[in-house]
Amino acid sequence: MSAINLGGRFTFPGTSLTVHRMGYGAMQLSGPHIFGPPKDRAECIRVLHQAIESGVDHIDTSDFYGPHITNQIIKEALHPYRDNLVIVTKVGARRGPDGSWIQEHGRQFLIDSVHDNLRNLGLDALDIVNVRGTGIESPDDKFDPRPSVEVIAELQRQGLVRHIGVSNVSAKHVADAQSIAPIVCVQNLYNVVKRTDDALIDDLAAQHIPYVPFFPLGGFTPLQSTTLNDAAASLNATPMQVALAWLLHRSPNILLIPGTSSTGHLKENLAAADLTLPADVIKTLEGLTTEKSA
Ligand SMILES: NC(=O)c1ccc[n+]([C@@H]2O[C@H](COP(=O)([O-])OP(=O)(O)OC[C@H]3O[C@@H](n4cnc5c(N)ncnc54)[C@H](OP(=O)(O)O)[C@@H]3O)[C@@H](O)[C@H]2O)c1
């Protein structure tokens, strides 16, 4: 594996932040259902060290993972941070005492969320804060991102936030957010079998805005497909590597943040950046979106 290539590099528009296209999503560093401590905290620390040593310079997180625990583990493992490390966080939700996910976008709540991220990550300013809309499978049309983006833009003027992104959003949400402040990235659910955002990805590519798919490996229900398995076998790779390589191939503005709590899976996922998919495999994978899971 060439640790340094990691899919090439991409600069968040209008910023000095350049990252490798293969990054890391830190959500899995909390316990089961992303609630409470992880089963193996030492392994989580090793995952973060290995990621950085392999050249990863883009970590996606949130203070509602755990809650607080994922950010505290990132700080324990990596603080003081390397200058080139870009940590992207998100605000717009909190966890109930039972682990439930509660959407919240009030002004004071968002301000407190930014301060929670700053404190638990040990930072004076956050590189990128994503305003997270509502809805996982599909964004909620009733959500208006503009008041939330206004609050984060206010914190940006105070120097607490460097840049603003959005997540769990539609094309209209993105345009609405852009009417308030420059948007430097968009994060939504997308993978080789869930492609409702195809048009949005192309539109963002034309604007040089990165699209960062969450659940690139299927999330809580990891991808299972005979087509993926067959493609992987033909390439001497794993199905997860093929799924990640397909995303890198799909569009140059796609940045990856696959999540794992395992050093073995991390190594496997990073190596996917070196996997070139032949044209016939890409054609086969194009038909996967309609295939039922095996
Ligand atoms: N904006 C949002 O609403 C939102 C929602 C969800 C996630 N996110 C972000 O997106 C990132 C990625 O999403 P995700 O972590 O939920 O899902 P994912 O990357 O699609 O998949 C993670 C799951 O796949 C497993 N896995 C990882 N690598 C594997 C491999 N090589 N072979 C087999 N299994 C593997 C992980 O288990 P192991 O730990 O055992 O490897 C975990 O169960 C998150 O970390 C988070 O930062 C954002």
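This report describes salt bridges, a buried arginine, a covered helix and the largest pocket in a predicted model.

## Salt bridges

The structure holds 14 salt bridges. One of them pairs Asp60 with Lys90, with 2.7 Å between the closest N and O atoms. Asp60 belongs to strand S4 and Lys90 to strand S5, so this pair ties together parts that lie 30 residues apart in sequence. Asp60 and Lys90 are both buried.

Another salt bridge links Arg146 and Asp144, whose closest N and O atoms are 3.0 Å apart. Arg146 has a relative accessibility of 33% and therefore counts as partly exposed. Asp144 is also partly exposed, because its relative accessible area is 31%.

## A salt bridge within helix H5

Lys172 is found in helix H5. Its side chain forms a salt bridge with Asp176, and the closest N and O atoms of the pair are 2.8 Å apart. Asp176 and Lys172 are four residues apart in this helix, which covers residues 171-178, so about one helical turn separates them.

Are the two partners buried or exposed? Asp176 is buried, with a relative accessible area of 13%. Lys172, in contrast, is exposed, with a relative accessible area of 56%. Elsewhere, Asp198, Asp202 and Arg250 are joined into one network by salt bridges that share partners.

Lys172 can also be placed relative to Cys44, which is 128 residues away along the chain. The C-alpha atoms of Lys172 and Cys44 are separated by 37 Å.

## Arg132, a buried charge without a salt bridge

Arg132 is found in strand S8, which spans residues 126-132. Arg132 is buried, yet it has no salt bridge. Which side chain of opposite charge is nearest to Arg132? That side chain is Asp60, at a distance of 8.9 Å. A salt bridge requires a nitrogen and a carboxyl oxygen within 4 Å, so Asp60 at 8.9 Å does not qualify as a partner for Arg132. Asp60 instead has a salt bridge with Lys90.

The side chain of Arg132 does make a polar contact of 2.9 Å with the side chain of Gln103. Leaving out residues up to four places away in sequence, Arg132 touches Phe64, Lys90, Val91, Gly92, Ala93, Gln103, His105, Phe143, Ser167 and Asn168. Lys90, the salt-bridge partner of Asp60, is thus among the residues that Arg132 touches.

## Helix H2

Helix H2 runs over residues 69-78 and is mostly covered, with seven of its 10 residues buried. Those buried residues are Ile69, Thr70, Asn71, Ile73, Ile74, Ala77 and Leu78.

What do the buried residues of H2 pack against? They pack against two helices, H1 (41-53) and H3 (107-121), and against strands S4 (58-60) and S5 (86-91). S4 and S5 are also the strands that hold Asp60 and Lys90, respectively.

## The largest pocket

The largest pocket has a volume of about 880 Å³. It is lined by 41 residues, and the closest to its centre are Met27, Gln28, Ile34, Gly219 and Gly259.

Strand S11 (211-214) and helix H9 (263-271) each supply at least two residues of this lining. Which element gives the most to the lining of the largest pocket? H9 does, with three residues.

How values were computed:
Residues are numbered from 1 along each chain as its sequence is written. This is a predicted model: local features need pLDDT of at least 70, side-chain atom pairs count only at pLDDT 80 or more; totals for chains, interfaces and linings use all residues. Side-chain values use heavy atoms; hydrogens and water are left out. Buried means under 20% relative accessible area, exposed over 50%, partly exposed in between (1.4 Å probe, protein chains only). Lys and Arg count as positive and Asp and Glu as negative; His and the chain ends are not counted. A polar contact is a pair of N or O atoms within 3.5 Å; within protein, one must be able to donate a hydrogen and the other to accept it, and residues adjacent in sequence count only if both atoms are side-chain atoms. Contact means heavy atoms within 4.5 Å. On a 1 Å grid over the protein atoms alone, a cavity is a set of points where a 1.4 Å probe fits but cannot get out, and a pocket is an open set with protein on both sides within 12 Å along at least five of seven lines; lining residues have an atom within 4 Å of a point. Grid points are joined across faces, edges and corners, and a volume is the space filled by probe spheres set on the points.
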